[in-house]
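The following points are offered as a colleague's note on the structure shown below. They are intended to be read alongside the sequence and the coordinates.

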Amino acid sequence: MTESLLLSEQELILQRTVRDFAERELAPRARELDESEEFPWENFNGLAKLGLFGLTIDPAYGGTGGGFKEVAIVVEEIARACAATSVIYAAHLSLAMQTIYRFGNEEQKQRFLPPLVRGEKVAAFALTEPGAGSDVAALATTATKGKGRYMLNGSKLFITNGDVADTFVVFATHDRSLRTRGIDCFVVEKGTPGFSNHRQSGKMGMRASSTAELVFQDCAVPEENRLGAEGTGFYDAMQILETSRIGIAAQCVGIGQACLEAAARYVQRRQAFGHPIAEFQAIQWMLADMATEMDAARLLTRRAAILKDQDMPHGAESAMAKLFASEAANRAASKAVQVHGGYGYFKDSPVERYYRDAKVTEIYEGTSEVQRLIIARSVLQALGV
Ligand SMILES: Cc1cc2nc3c(=O)[nH]c(=O)nc-3n(C[C@H](O)[C@H](O)[C@H](O)COP(=O)(O)OP(=O)(O)OC[C@H]3O[C@@H](n4cnc5c(N)ncnc54)[C@H](O)[C@@H]3O)c2cc1C
């Protein structure tokens with residue numbers, strides 16, 4: 001009921017449309033895809049058909065506009081049905097496409113965005129390396145400038161959509177000694193000589209999403225594929241991540257909501273000591289905590305989204321949303337398994353998958369420790385310490 005106070009008529013329609021699609025198309029396939037680790041092309045194409053890759057993108061590039069509040073609504077509904085599909089969506093739209101949209105010039109936006117909006121091409125965002133995760137400035141992939149092109153050498157790890165993508169947003173340094181000020185950002189297209197990608201299989205959760213290692217060996221990228229000014233890549237990546245975390249927070253709300261609903265259904269069916277276990281106070285408290293934390297996480301997420309949509313600073317708020325929502329989703333998943341007893345420990349129960357899917361939300365797009373650093377920095381700054 002409160003949703004009608006918090007969301008506009010249009011946002012409620014969007015929520016209902018995506019929820020119907022997710023329940024009908026995504027949820028029934030989620031378990032099988034988790035087992036097979038296959039990239040869910042049907043899901044990806046379905047999201048494209050609904051026009052969801054056009055959110056936040058100007059109609060000049062084929063998009064439908066809108067803001068990150070809408071993205072949060074969409075991601076929550078996708079994640080509630082299939083968390084793996086929500087990370088594919090987030091990496092495509094909130095990471096890779098946003099980097100091109102925000103930092104690309106007119107020619108680059110016209111060239112790269114329309115096929116990504118239509119879902120004819122898949123995008124990936126490649127920042128992390130074997131020796132540079134939280135410490136982004138330590139990245140070692142080099143971009144050596146030559147005549148009209150940069151030569152890329154190095155590798156990237158854990159890249160979502162990395163083995164299916166056509167359009168890669170890649171960060172590399174032209175001078176490692178400059179650390180944050182030496183990093184540039186490029187669009188590398190699939191098929192560029194010297195570029196190869198290899199799927200990393202065997203993930204704990206989000207198994208239908210593809211995760212890949214990218215290798216660059218004397219990979220020549222035309223100068224016109226550099227996004228933004230030389231040396232600004234690190235700062236551009238940080239801006240993208242601070243907004244994209246809103247989507248990850250929404251993903252956590254979706255996973256947590258699915259946990260809550262599965263738990264609430266099960267405890268009414270399961271009998272112990274002659275009663276449905278829903279009648280036991282210890283069980284009710286778990287449901288109460290899950291519901292309260294999910295509501296709080298959703299509100300933090302929407303606050304960060306509203307700030308972003310108003311062009312206001314939102315770095316600390318998106319870090320708070322991502323930190324709280326990811327830890328709350330993990331608590332919810334643990335409780336959901338707990339109320340299912342032994343049944344929750346087997347793959348027949350969806351909560352087993354939710355438990356595995358939830359874990360990575362405390363790791364990617366900045367670990368919980370990194371979120372706490374960002375929040376603490378902002379607290380100290382605000383207090384003038
Ligand atoms: C499934 C999956 C998908 C991913 N998708 C992408 C993607 O699409 N693109 C991309 O670029 N990356 C992606 N990543 C990478 C992800 O963002 C990194 O794994 C993450 O940033 C952490 O980096 P790391 O793994 O190197 O861990 P490390 O940075 O080595 O961290 C190890 C531990 O040390 C802690 N730590 C590090 N520094 C500090 C500090 N200063 N203070 C306190 N604690 C600290 C961390 O919090 C963590 O607990 C993905 C990862 C996974 C698992």
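1. The model under review is predicted. Taken over C-alpha atoms, the centres of domain 2 and domain 3 are separated by 30 Å. The contact draws 14 residues from domain 2 and 10 residues from domain 3. On the side of domain 2 that touches domain 3, eight residues are nonpolar and six are polar, with no charged residues.

2. As to the overall division, the domain assignment splits the protein into domain 1 (3–117), domain 2 (123–233) and domain 3 (234–382).

3. The ligand should be considered together with these domains. Because domain 2 (123–233) and domain 3 (234–382) both give residues to the shell around the ligand, the ligand lies between them.

4. The shell comprises 21 residues, of which the closest to the ligand are Leu127, Gly133, Ser134, Thr367 and Glu369. Sorted by class, the residues around the ligand are 11 nonpolar, seven polar and three charged.

5. At least two residues of the shell come from each of β1 (123–126), β3 (149–160) and α11 (368–382). The most are given by β3, which supplies three residues.

6. Helix α8 (residues 281–309) permits a check of geometry. With 29 residues at 1.5 Å a residue, α8 should span 42 Å, and its end C-alpha atoms are 42 Å apart, so the expected and modelled spans agree. Aspartate 311, which follows α8, has a positive phi, near 60 degrees.

Terms used. Residues numbered from 1 in each chain as written. Predicted model: local features only at pLDDT ≥ 70, side-chain atom pairs only at ≥ 80, totals over all residues. Near = placed C-beta within 6 Å. Helix = DSSP H or I, 4+ residues; strand = E, 2+ residues; numbered from the N terminus. Nonpolar A, V, L, I, M, F, W, Y, C, P; charged D, E, K, R; others polar. Domains from an automatic or database assignment. Expected span 1.5 Å × (residues − 1). Contact = placed C-beta atoms within 7 Å.
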